[in-house]
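Got your viewer open? Let's take a walk through this model, one selection at a time.

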Amino acid sequence: MKKNPADIDDLRHEAESLINFVPANLDTISPHDIQTLFHELNVHQIELRMQNEQLVEAQQQLIASRNDFITLFDLAPVGYLRLDEKGRILQSNRTVQEMLGKSHSELRDKFLAVFIHADDLNIFNARYSAFYKKPDGKHIELRLLDMQKNPIYIELSGRLIKKEAGASLDFNQDCLLVNIIAIGERKKMEEQLELAAKVFEHSQEGILITSPDTTILKINLAFTAVTGYKPAEVIGRTPKILSSGRQGPAFYLNMWQKINKEGCWQGEIWNRRKNGDLYAEWLSICRINDKFGRASHYIGIFSDITLRKLNEKQIEQLAYFDTLTELPNRALLNDRLKQGIVQAVRHKLWLSVFFLDLDRFKILNDTLGHFAGDLLLQNVAKRLKSCVRESDTVARFGGDEFVILLTDFVDEQSAAHHSAEIAKKILNMLSQPFDLSGNQFITSTSIGVTLFPKDGSSVGELIKNADAAMYHAKASGRNNYQLFSDSMRSEALTRSTLENDLHHALPNQELVVYYQPLIDLQTPNQIIGFEALLRWNHPIKGLIPPDDFIPVAEETGMIVAIGEWVLKTACKQFKIWQKQVRQPPLKKICVNLSARQFLGNNLVHTIKQCLDDAELDPEFLEIEITETVMMQNMSTVISILQQLMTMGVTVSLDDFGTGYSSLTYLKKFPINSIKIDRSFVRDILNDPDDKVIVHSIISIARHMRLEIIAEGIENDEQASYLMQSGCRLGQGFLYSKPLPAEQLGALFPPAD
Ligand code: C2E
Ligand code: MG
Ligand code: MG
C-alpha cells in the first residue's frame, strides 16, 4: 500500500502515541501488551521501510528528469544563455560553449560583450537594456568571436524570466534566457542575393527577365538607358515593343527554335528605342528551366553596339574607300577584281578593266590650286559612276587615275563591244565642262582597256596592261581609249626583257657616257663645255639611246645608281679635259638629272661627293632638270636646288617649251639657264609658230636674267637665226654629235 506524505505524518503521530503508550513502569506491562507492542512496532517498521523506498524512488525520478532537462538544455542545436540585467552570463549551454570555444566555468560571470565583434559592440550595448526588459519579438543580429577570433554571425532572441516564475528552477534573480542561432549560411545567401541584385541592377548590359510566355517581369537600369523604357512602361508587356521590323518573322522563328532546342541564342539584332531611333544590339537569350525541365523564365542580355558598328563602318570606309571621292580605293579594287576573276572563271564569263588617267590634271592642280583639283576629282568620280551599272566597280587608283571593273560579259565579243561603248560614253561625259565653284574647266581622259581572260590572268597583270594601253591612248593624242593589243603585249615583253638586262648594265660596264660639246655661237670652233649623254652598249642589241631605257630606269628606281655613276664619270672626265685644255677655258659640264633622283634626300650629298672625288669646283657643274622634276614635291625640289646653288652648282631647265612650260615654275624655281628644245630649233626657219615661241622664250629668259642654250642646231641658218634672236650658246650636230670621251679628245689642241 502506497502512502502519500499526509499519511506519513499520520504514521509519525501514531508512533509517537505508541511511545507515549508505553507505561513508565515496565512491571505493569502484561506479556500480551508486550506482544501487541511488538506487533505494532513491526508494522511501523515495515511501513517506514516502504516509505523510505518510495522516497528514494521519487528522488531518483527527480534526478533523471533533471538530467533530461540538462541534456536538452545543453545539447539543443541552438545556443542558450542566461544573462543578467547587465549582460553577464549566468549560465550557458554546450552549443554556446562550443561556438565560443570556452567551458561553462570560463563563461560564467563574464559579460557577453567580451565575445562580441568590436564593430557590433555599439549596437549590442545600445540595444541590450531595452532587449532585456522587453525581449519579445525582438532580434539582434551580430557577430560573436570564436577562439580564433573569427566572426560567427548569430541572431539573438530572448525571454525574460522573473525570479518567482523561475523559483522552481533554482533562480534567485530575474534573468534573460537568450536563444542564439548561427545565421552564417543565411547571411552568405543573403549577401549573394544582394550581390546578384546589384549585378543585375548595375550591369552595363541591358537585362530583361520574362515569364515563359515572354511577358516582361523585370528589367535593369541599363535596359532603360539603352531603350528609353522605364520599368512601368514595359513590365507586363512583351519584348515586341522594341521590334524595329528590320528582322522578318523567319529570323525570330529561327531564333526561338534555337533557344528552345539548345537553351541559348545570341546574335546581332536591330531594335527601336522609345524615341523611335534604331539601334543595334548584341543580344543573348537564355532559357531557364524549372526542375521538371519546363521553361520557367527567359533572360535576355544585350549591349548597345550601334556606336561600334558605326566605328567599324568608318574604319572600313577608311580602309577600303578613298576619302576624297568616296570611291573604293586600291585595296578594295584588288579585292573586287580578285573576286571577279574567281566568279568569271567559275561561270565562264568575261571581265573588263579600264585604266583612266585625266589629261593635264597636274596643270589644273598647279594653276587653280588643290581645292579645285579635289573638286574636279569628286565630280569626275560622280560622272564615272553614272556611266556604269551599280554592280560595276569604279575605284580611285591614285592621283588622277581611276580603274573601272565591268563584270558578267558572256563572251569576248560582248566584252569588247560593251567596253568600247562605255569607254565612249565616259570620254563624252568627261569632256563636258566642269563647273568648279564658279570656274569652268575642260578636261579629257585617256583610257586603256584589258579583257579577262584574254589580256591577263591576274589582278596585277590586268591592271598593268590596262595602264600600258592607257599610255598608248595618251601617246595617240589623249582623249581616246585603247584596247590592249598583241603589239602592246610584245612591247610589254620587250620592255620587261629590257628591264631585266638593264639590271646588269651597270655592273657589267655596259653603260657609256657620250659628250656633246657646247658652243659659243659667236666662236663656233671653240668648245666651252659638254653635255653628258648616256648610252647603253647592249651586248646583243648594240648601242641603245637613252630615250629607250631611261624611262625604265626611272620607273624601277635604277636611275638613282645609274645617275650617280653618270655624274661621277662626267665630273672626272671633265677634270681630265680641263687639265688638257687651257685656251679657251672649259666652262661647264652639263649632267641630266631625273625626277626620281630628287626623291631621296641624298642628292646634294651625292653631288658633293662626285665633285670632291673628281676634285672639280662646283661652279663647273651644271645640272639639267625638266619640268617633270619641278612638278613633283615642289618645296623639296626647291630646297635641293637652293642647296646646290649655294654650293656653286648651276641649274638649267631642259627641253623648255615641250612640257607645261608654266611661267609660275620659272618664277618659283632657282635656275640659271633655259635650254630651248630641239623640236623648236628644227623648224625655226619655216614654222612661224616656232619662231614666235623661240622669240618669247628668249625674251622671257632675258627679262629673268637667265642664260639661253639652244639644242639641236643642225645648220648654219639655224645658228645665225638663233644668234640674231639673242641666243648665245648652243649645241647640235652642226658642231658635233655626242661622242665617247676618247673620240672627243681629238678635238682639243694638245696642251702646251
Ligand atoms: P636632252 O637632255 O634634251 O639631250 C639632248 C638630246 O638631243 C640628246 O639626245 C642629243 O643626242 C640630241 N641632239 C643633240 N644635238 C642634236 C641635233 O643636232 N639634232 C638632233 N636631232 N638631236 C640632237 P640623246 O642623247 O638621245 O638623249 C635624249 C635624252 O635622254 C636627253 O635629252 C636627256 O633628257 C636624256 N638623257 C641622256 N642622258 C641622260 C642621263 O645621263 N641622265 C638622264 N636622266 N637623262 C639623260
Ligand atoms: Mg639635256
Ligand atoms: Mg633637251
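We'll go from the whole chain to the ligand, and then to the metal ions. Keep in mind that this is a predicted model.

**Stop 1: the domains.** Colour the chain by its domain assignment, which gives domain 1 (5-71), domain 2 (76-189), domain 3 (203-310), domain 4 (313-484) and domain 5 (499-678 + 707-743). Now pick out domain 2 and domain 3: their C-alpha centres lie 51 Å apart.

**Stop 2: ligand 1.** Select ligand 1 and show what is around it. You should get 23 residues, and the closest are Arg 535, Asp 654, Arg 678, Glu 714 and Phe 733. Try colouring this shell by residue type: nine residues are nonpolar, five are polar and nine are charged.

Next, look at some polar contacts. The side chain of Gln 516 has an N or O atom 2.9 Å from a nitrogen atom of ligand 1. Over at Arg 535, a side-chain N or O atom sits 2.8 Å from an oxygen atom of the ligand. Asp 654 also has a side-chain N or O atom 2.8 Å from an oxygen atom of ligand 1. How much of ligand 1 does the protein cover? On its own the ligand has 780 Å² of accessible area, and the protein covers 87% of that.

Switch to cartoon view and find strand 19 (527-538), helix 17 (546-556) and strand 23 (650-656), the elements that each give two or more residues to the shell. Strand 19 supplies the largest share, with four residues.

**Stop 3: the magnesium ion (ligand 2).** Select this ion and look for its donors: Glu 531 (OE), Asn 592 (OD1), Glu 624 (OE) and Asp 654 (OD), at 2.0 to 2.2 Å. Asn 592 lies in strand 21 (residues 588-592) and Glu 624 in strand 22 (residues 621-625), so this pair ties together parts that are 32 residues apart in sequence. Are these two buried or exposed? Asn 592 is partly exposed, with a relative accessible area of 29%, while Glu 624 counts as buried at 1%.

**Stop 4: the magnesium ion (ligand 3).** Now select the other ion, ligand 3. Asp 654 (OD), Asp 655 (OD) and two OE donors of Glu 711 coordinate it, at 2.0 to 2.5 Å. Asp 654 lies in strand 23 and Glu 711 in the loop between strand 25 (707-710) and helix 25 (716-725), so they tie together parts that are 57 residues apart in sequence. Both Asp 654 and Glu 711 are buried.

**Last stop: the bridge.** Which residue links the two magnesium ions? Click Asp 654: it bridges ligand 3 and ligand 2, which lie 4.0 Å apart.

Technical notes
Residues numbered from 1 in each chain as written. Chains lettered and ligands numbered in written order. Predicted model: local features only at pLDDT ≥ 70, side-chain atom pairs only at ≥ 80, totals over all residues. Heavy atoms only, no water. Near = heavy atom within 4 Å. Polar contact = N/O pair within 3.5 Å; in protein donor to acceptor, adjacent residues only side chain to side chain. Areas by Shrake-Rupley, 256 points an atom, 1.4 Å probe, with all protein chains shown as cover. Nonpolar A, V, L, I, M, F, W, Y, C, P; charged D, E, K, R; others polar. Donors = N, O, S within 2.8 Å, 3.2 Å for Na, K, Ca; no water. Buried < 20%, exposed > 50% of the residue type's maximum accessible area, 1.4 Å probe, protein only. Domains from an automatic or database assignment.
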